[in-house]
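Colleague: I've got a model open and I'd like to learn how to read a chain-to-chain interface. Can you walk me through it?

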Amino acid sequence: MLEALAFYIFAAVTLVSAIGVVASRNIVRSAVCLLGTLGGVACLYFLLNANLLAAIQLIVYAGGTLILIVFGVMLTSKSPWVVFDPTRGQVVGAVIVSILLATGLCMLLVGNEWPAGTAMTASPHVKDVGTMLLTDYLVPFEAASVLLLVVMIGAAYLARPEK
Amino acid sequence: MSQLSLPWVAKDPAVYQTYRRTAIRNLLAGGIVHVVLALGIFGFFDLGSTAKVTNLKIAISIIGFLAPLAVGLALIAGGLGVLFYKQIGNTLKYGYTAASVFFGGVIGVCLLVWLHSLVFTLSKDMLASPQNGAEVVSLAIFDASLTAREIADYLSANLPRLSNPIVAYVLWPLQFELLRDLLAVGGIVGFVSVIPVFGIWWERKIAGRMQSRLGPMRVGGWHGWAQSPADGVKLLFKEDMIPPDADQALFKLAPYLTFVPPICAMIALPFAGAWVFRDLDVALLFILAMLGIEVVGVILAGWASNNKWSVYGAMREACQMVSYEIPMGMSLLIPVMTAGTLQLTAIADQQGGGFHTWFIFKNIWCFIAFFSYYIASLASCKRAPFDLPESESELVAGFHTEYSGFRWSLFFFGEYVAMFVVSGIAVILFLGGWKSPFPPGFALKTNGTWYVDFVVHVLNGVLFKEGPILFVLKSAFLYYVQLWIRWTLPRIRIDQVLYACVQVLLPLTMVILLGNTLWILGIEHMKIEWLGTIDSLIHKVLVLIGAVLVIGMIWIGYNGYSNRRKLVGSLVIDHLPGS
Amino acid sequence: MLTIGLNHYLVLSAIVFSLGILCMVTKRNALGILIGVELVLNAANVNLVAFSRYQTGAADGHMFAVFVILLAAAEAAIGIAIFMNFYNTLQTIDVDRGDELRN
Amino acid sequence: MQYQTALALGVVVPLASFFFLALFGPRLGKPKSSYVALLAIGISCALSTYVLVNWLKLSTPERTELTASAYRFDWGTLGSMPLTVGVKLDSLTVIMYFMVTFIAFWIHFFSIGYMEGHSDEVDHVSKYHRFFTYLSLFCFSMLGLVVSSSLLFLFIFWELVGLCSYLLIGFYFDRKYASNAAIKAFITNRVGDFGFILGMALVALYLNTLDLDLAAARFAEQFHKSAEGPAVGIFANSYTLFGFSVASLMGIGLFCGAMGKSAQFPLHVWLPDAMAGPTPVSALIHAATMVAAGVYLVARIFRLLTPEAQFFIACIGCITLTITALIAIVQTDIKKVLAYSTLSQLGYMIFGMGMGAWVAALFHLMTHAFFKAMLFLGSGQVIEGCHHEQDMRKMGGLRKKMPVTCWTFFIGVLAIAGFGLPGVEIGHVKLGLGGFFSKDEILAVAYERAFNIPELKKTDAAADDAGEHADASNANMGVASPFRLASDNQPAQHAETEHSEHDAHAHGDHAQGTPQKMAIAAKLPAIPKWMFFFPIAIAYITPFYMMRCWWMTFCGKPRDHHVYDHAHESWKMFLPLVILAGGTFFSSYQMFRPLIHDAAVIATDSSTVVAIDGEAHVLAEAGGGTMIMLNHAPGKNPHDWLKMGVGFSWLIGMGFAVLVYLRGLGLADKLKRMFGPIHTALEQKLYFDHVYDAVLVGGTVTFGFVCGLFDKIVVDGIVNMTALLGKFVGVFTGRQLDMPVKRGDWGIVDAIANGLAQTMLDIGSEIRRPQSGRIRMYVMITAGSAAVALLVVLNYHRLADGLQWLMSNVGTRVLAANGS
């Protein structure tokens, strides 16, 4: 009961702010709406017994990526009111396409008979998640670390001042 | 000329006298009526009888008895206040009375929160009591699993002193999780609103003392204790301006984005073992995340103001925060690794054996980590010397240049609460949380007499055992250090800020992270003996250093206090014995 | 409707996914496209975690979600660096102007 | 302290020094930072001395026990393969470790003097502390390499030493040739390391472990199973490359790493260029330790080598030692001469390893490390003293200016030349130095392999083995053994008889070990004769060029007074020289030989390969059957032959050098003119660099050019051709078939053609439209088509039904309409 209520509230937050992301003409407002979506998704993670993931989502997305995006906006816009609008035709086409896509996905996901699985009873302990990360998922973990290193170097290289 | 009657033109004192009399009359009369009504209902429904407890009476007792009683008492108190306002004012002006009112208020809020917690504990116990079997823990939102009857029975069986049916009626709704959460949120919000009010006053006093002045002295009498509430009232009535070119919606949203996350952080911040709203297993990460989101508000404020200085402030904040989050998180990992959990209560529980078991003295890595965390936390709260985003000598006021009034004060609320939160994290992770600095053997024993017990409980809670007061005191000390640093160190340049992070703090934290990993590997997993010997040696030296530091500070503080009259224009150092 | 199951989350994620695509298509600001990508990735993550919760009962979905978050962060960092270069070259952040390869 | 702990600690101390210097080096400044590094390596050296001294006191079983109980723990798992980390604690490690720390310590000491005159800063970066920082890092990696028990960690440290080598060669990074040399060294090593990685991959794949001992055990196990029944594991694979089986390829792959690091042909080109680094670095890294790591590696993986792989190794060694010695004759740069002599000596070691002369090669490694480090330090002293002049033609007569350097250098020359008087004994000590013993042993084994193995094959090996071996060892006992084994304190005569009895007895008894070994030995391929004669010839050339170097530098008349006047020497630099000269004597006579023997017990204890001992000694001492002492037919004792063949090569070579350079450079110039083309070829290093330039660099460029040409000619040609063809067709049709009657009027054909073209154009532009370069459009198209596809697939049946209904309905209507 409470869970349902919470789900509907958080889903509403997520969806409304996602629509806000799309509908805002100003990019910073989009970013703020994105914060709402990210927060909503984080709350959904809490509902889904993924506490650690929720915290990570908040730290990395909301605390890192979002700030990075806003920072990028500040560095790349000449005035806060510069707006690039797509043409009306493009918008209509895009809306049609995404409605089609949503319909298709919903039909696919809901219409499918998922095999009966085991539901998770309790939130996995942080320690177990960590152990899993360093045992079963060691190789992707290491690959990810290498990736991050490459990204760090690459970003620094790309954003370096012109000589 | 027609007679203009402006509302703010002073009227004849006699008019005020009339107003006052009317107010006194109405308040007192209304209060007495309410109280009488409440007592009447009490008598009519026989609410006091233990034998006739039913669920029906719950609503009656709350709506019909408790609510009118509370309203009535409040009205009577208000009436008395207006009646005796001169006497009250004079009393408040008198130094120590005012101080005791002030501290009483602070402690009162703490006690209120404490009461919350006691009630929760009680209801939890009841729900889990053997009479109810195992299935009660399902804290449903609408299905009451306990009846008032059962509660009353439980009380008379376990806590005879509280076995009044009214208590049972009050406790009954508390088995609903939602209500308990709402009440707890009330407690948190109450505490959170006290922090900045007290904190700002304290900061101004300390700033004054550090500059050999007195700080606020007028408002409220004793040491200007009412300065902050007065300022708050002033801010509420200030004109609320929004620049015409600003992004209206974001401009309005930004202060809330700054103010709400630190309060959310309090959700996971434990004040003591049971004193926590939600004992998350990822509490630390959650708090860090909330502190990270706070920045978004600041950046938005700067951006939405559409002002050069504000944007500069926002960009500084963005790059400062993004870079300092890393050393901050990595320093926090060290006690986390040592404790093996992210759950703050569990971490604090491992430090209960006296101050030598605190993680800061655990080994050299934790010791360094404490300081690197503290520096990074200064930057993350944008406190001096890292207050670049709002540096008033360069950027007017940085990101909040365009803000005024209530919105402006929200930024400050956010900042001061965040300061408390980061101090609290440091206390829990490094300084033993709510545990006493003395080993458990020092805790006083109760002997059964109620007044002795009371004193013992208070002393244990404040000094010898554990308790939220200890936690708040320790946090307040770190908070004090933040203020101390602010009024001691000059602000550094933005490039120095980033240099300090990327080239100093980051490598340092990496080294200690690696060191701690190897240390744990060597001592706990490989059980290398000589490493263990070195470890215990270092541990002892660190404990010694800590003890010497604390004793030294107390000594210097004592000297400062005993020479407080001579301190104008000089330093405490000049008054130490032998100088 | 009162018992929340897998399908609720799936529908939610499908809608968020489509909104992400919509965002990518309609924003001409490069950073808007980046935001759209974040939406899409979040939708995928919700799916992963929901399946983990209702179908597998183990934390594998969480693992994938962690890696997705990590990749999203990496992608944002690189993306913004690229857009800075884009901006430095063309003096605009409008992606429709970046069609030199067209002719 | 436990020995393994001491060794591990000794590895870590330089690392600590590295970190300390890296962080605080600039603040410590000029003299102080060097003391940190010196202290660190000093601690390592003390620890290693402690271990060595105690190790010598232990008996073989105790050592074996310690070896077995050394640290091992699982670091991680790769698939199902545990990655084990551990300390390899055996005699080989102990002596290598001691050698490295000892030499490194004195070279650090020398460096302090050497670096004194350097300018402290380049581009505001202090170079002084960086030098010692790198040295510390190198010591850490080299020691780590020595103690690693797993191939993986050996490889990691292997790469680390490569990195240090790169950093130190490029130490004068402000000079173009130095940075080029550094890059060359690094890249050349990468080529070798690629082979190493492949070899490691094969080891991991077929033996499922990277632990050295375990891998060897599994290799032997698979070998046995394959020998008895159907082939398993690595032997089951019938794939061959250039005639090498996979098992051999594994060994060759691993050896490729050694080829790179030990600068063996054809990857030898980097080492002479590496002399661009500071001279102490040349002494430490490019003469004594790192380049010897290749030999060490081969020694470690010896049990994984098949006879074919061994033969390959021997060939490479033989080629290297020959060509580099020839090149060394004409070099005029003092460091280049030493570099080429190093190459040549490394060639000897690798050659020895390939021959199966495990003990001899390592023995040569040890002696060589000492005298070559000393020679390099001597040259460093000369270079520093002569104001960084390296050309020997400008030196001469420095004997009076730097006497200590001169005579220590001469000891080095004697050692490398193989000075010794065959048959002369002082007490029980044979008179000789360094190469006299070690090179002799390698050559002895080569002789066995070239001449005795064919003999062995002819006869039934197991039958006459026991008897003849006793004779052989009796006969050999007095010939070349320069010392009594360290464990032997008895009078020589007594020991000799006892040994031979014991020998025969042991030999007869070791039925499970020795005959098996003999059988394997019988399978060894006999090497071609030239592989014996080339090293013999080079044994005459080595003394020549070394003597030439010494004579040109120190004797005769000073040729350049500017250099001569400046020359001086300081105690800080010649003290290490004197110590290392002592070390040369010490290493020739004492300690190392028995320890290497002891190491051989474990390191070659595999029934798949055979290590051959060219030295007459007691089999029990050698571990009772781990090695094979080849069967000398009477009168075919290699030492008899070698005594005469190369015993006085040092005298001849050195004498010839003195003869040529006695009166300055005149005679040498004459000879140079006489052998003009040969001299030029040698001076150009036999054109290796040219060939590599032409083949590799040129090849890449050419390949790019050819690709470009292909693009230009073929691709563009086809495109243009098509266009041209179209044009012709158009012109043809237009002109000939469809002449318009008047302007602007098209004929039918023309109209069709133009109409088609127009349609094509329209289609093209329609197709091009989505290819707008607009990322949003791409996303939209992708998403849209995905959506449509999804919907169609999901509703396929409904759609199909609908279509069918439509078709049938419309069809019937049409039919009905027609009917009515």
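Colleague: How many residue pairs are in polar contact across the interface of chain A and chain B?

Modeller: Keep in mind that this is a predicted model. The rule finds three such pairs, with both residues at pLDDT 80 or more.

Colleague: And which elements of chain A give two or more residues to the side that touches chain B?

Modeller: Those are helix 2 (27–47), helix 3 (51–76) and helix 5 (126–134) of chain A. Helix 3 gives the most, with 14 residues.

Colleague: What kinds of residues does chain A bring to that side?

Modeller: You'll find 22 nonpolar, five polar and two charged ones there.

Colleague: How many salt bridges are there between chain A and chain B?

Modeller: The count is one. Look for A:Arg29 and B:Asp247, whose closest N and O atoms are 2.3 Å apart.

Colleague: Now, how do I talk about the size of an interface?

Modeller: People often quote the accessible area lost when the parts come together. Here, chain A and chain B bury about 2,700 Å² between them, and 81% of that is on carbon and sulfur atoms. On the chain A side, A:Ile59, A:Ile67 and A:Met74 lose the most area to chain B, together 21% of what that side buries. If you'd rather count residues, the contact takes 29 from chain A and 36 from chain B.

Colleague: One more, away from that interface: is helix 12 of chain D mostly covered or exposed?

Modeller: Mostly covered, with 17 of its 24 residues buried. Helix 12 of chain D runs over residues 307–330 and reaches 36 Å from its first C-alpha to its last, close to the 34 Å expected.

Notes: Residues numbered from 1 in each chain as written. Chains lettered and ligands numbered in written order. Predicted model: local features only at pLDDT ≥ 70, side-chain atom pairs only at ≥ 80, totals over all residues. Heavy atoms only, no water. Contact = heavy atoms within 4.5 Å. Buried area = accessible area lost by both parts, 1.4 Å probe. Salt bridge = Lys/Arg side-chain N within 4 Å of Asp/Glu carboxyl O. Polar contact = N/O pair within 3.5 Å; in protein donor to acceptor, adjacent residues only side chain to side chain. Helix = DSSP H or I, 4+ residues; strand = E, 2+ residues; numbered from the N terminus. Nonpolar A, V, L, I, M, F, W, Y, C, P; charged D, E, K, R; others polar. Expected span 1.5 Å × (residues − 1). Buried < 20%, exposed > 50% of the residue type's maximum accessible area, 1.4 Å probe, protein only.
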